[in-house]
Amino acid sequence: MLHHLRLNSRPTDSFSRRGLIATAVMVAGSLLLGACGSDSNDSPRTQLRVIHASPDAPKVNVLLNGEAVLTEVNYKEGSGFLDPERGTYDVTVEAITPGDDVNVISVPGVTLAADTAYSVLAIGKVANIQPLVLANPRTPVTAGKARAQVVHAAPDAPAVSVYVTAPGADLATATALGAFSFGEDLGPVEVPAGSYQIRVTLANNPAAVVYDAGTVALAAGADLLLVAVANTTTGSAPISLLVNDGDTQSELLDVETPADVRAGHLSPDAPAVDVIANDDLANPVFNAVTYPSLTSYASVPPATYNVKVVDDASQSLTVIDANLAVVAGQSYSVLAVGLLADIEPLVLTDDRRSIATEARVRIVHGSPSAGNVDIYVAAPDTDISTISPTFANVPFKANTGYVGLTAATYEVSVTPAGAKSPVAISATLPLENGDIFTAIARDATGGGAPLGLLVQDETT
């Protein structure tokens, strides 16, 4: 049986809080990190925020004394400050897996004191996941300054040094905030409000820059927690920075982070094609792509491109002419679908993060001759006449999204919508935890039956 992952991160209504904010990807540039966290209420109270920083962990729930206060928190997501009552709590983090929710972190007897701001981070990979608890007194930021604390939460990254300098400053003559290793933190420190460049180098080696945020504007009164986490998206930088200001959380990517794009030839009667960006016929982004196939990813600067798909033989027949906007840190599959007379682009946003507790499968309906279909994902030799379809009445060009599955062998069957037969496609998928597959239902070469399944292992 196929189990759906829950999709939307949200807080419960158990406590008064500033709501959970899903990660917003921000391209490093002139980015204003605003002031917050300054609270005019002088009554003694406690604050608590939670950040998911485990790169191969699934979504998680966070419980205090057995009661869920945050649910479905994904990697690189974090809450604003919650306002629980002062006291002692058992803190539990449970992973949401296809089979059931599983406790992965238990911290009994955590005392939440008055006038203290607590940050609880889930760090490390699933095999060694652990809590990191920071406790800071709730004190105002000095007038005209910004305050920041930095955490090293990237488990595979070595010890690093962090520099916060004037934009363009020579690191050879700059002073680092300090050097630290995974699980350690620096600060909090205060700096005058203004524009800065945040760079991370190998420890005590200013020439070995591994991350550059570009120019960042720190507003007066800003009180920031900066968390270096493993980069699971695009580009060569090993980390990105999560920025939590007590209200919201965002992500600062390395300034050179590209977008990754690949092409898919899913038009059964179209010839081999070239994919051209901005009319550069002499240098196709993808050359001589044949049916049915997916190319490897190409890294490109984030921008809007004019994309043309032309025949490979003469480059004189343009079958697709469309503009494509791509964003730093995102991966895209651009599929040419439909018969040649009606060919069109289908753009999918890809999620390439491997999750240690499940396999993930995305099924795409790319068969122009099939009509709406039912899709069954079941144990091998299951009689599909005895079960309901896992996905019902799926139209051409639709997809299932990424669905989490327990490691096992599955049989994928595709039938006409509302019918148990004929089985137009039957395929076996052996899945292990950490796997990611995209499976695309397709026509035979030339169009029509027999239908097939193009299966792409995304983890290779």
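Let me begin with an open sheet of 3 strands, in which the order is S4-S9-S10 and the pairing is mixed. Strand S4, residues 46–53, and strand S10, residues 130–137, stand at the edges of this sheet, and because each has a single partner strand, one side of each is left without a neighbour in the sheet. From one strand to the next, the twist averages 15 degrees. I should say at once that what we are looking at is a predicted model, and I would ask you to keep that in mind throughout.

Staying with this sheet, S4 and S9 run parallel to one another and are joined over 8 bridges; to give you one place to look, Gln 47 has Ala 117 of S9 as its bridge partner.

Now to the cavities. How many cavities of 30 Å³ or more does a search of the whole structure find? The search returns 5 of them, and I will describe two.

The second largest cavity holds about 50 Å³ of space, and its lining is made up of Leu 48, Val 91, Val 110, Leu 112, Tyr 118, Val 120 and Val 133. Strand S9, residues 116–123, which we have just met, supplies at least two residues of that lining, as does strand S8, residues 101–112. By class, the lining of this second largest cavity consists of 7 nonpolar residues, with no polar and no charged ones.

The largest cavity, with about 80 Å³ of space, is lined by Ala 148, Val 164, Leu 177, Val 189, Val 191, Ile 198, Leu 218, Leu 224 and Leu 226. Which strands each supply at least two residues of this lining? They are strand S14, spanning 185–192, and strand S17, spanning 223–230. Here the classes divide into 9 nonpolar residues, no polar residues and no charged residues.

Finally, I would like to turn to some antiparallel pairing. As a reminder, the strands of a sheet pair through backbone hydrogen bonds, either parallel or antiparallel. Strand S30, residues 373–378, and strand S33, residues 408–416, run antiparallel and are joined by 6 bridges, and within that pairing Tyr 376 has Ser 413 of S33 as its bridge partner. S33 also pairs with strand S34, residues 425–431, again in the antiparallel sense, and over 7 bridges. If you follow Ser 413 across to S34, you will find that its bridge partner there is Ser 426, so that one can trace a path from Tyr 376 to Ser 413 and from Ser 413 on to Ser 426.

Technical notes. Residues are numbered from 1 along each chain as its sequence is written. This is a predicted model: local features need pLDDT of at least 70, side-chain atom pairs count only at pLDDT 80 or more; totals for chains, interfaces and linings use all residues. Side-chain values use heavy atoms; hydrogens and water are left out. On a 1 Å grid over the protein atoms alone, a cavity is a set of points where a 1.4 Å probe fits but cannot get out, and a pocket is an open set with protein on both sides within 12 Å along at least five of seven lines; lining residues have an atom within 4 Å of a point. Grid points are joined across faces, edges and corners, and a volume is the space filled by probe spheres set on the points. Helices (H or I, at least four residues) and strands (E, at least two) are DSSP runs, numbered from the N terminus. Ala, Val, Leu, Ile, Met, Phe, Trp, Tyr, Cys and Pro count as nonpolar, Asp, Glu, Lys and Arg as charged, and the others, Gly among them, as polar. Two strands pair if DSSP finds at least two bridges between them. Axes are lines fitted to C-alpha atoms, for helices over the stretch in contact, and angles run from 0 to 180 degrees between N-to-C directions.
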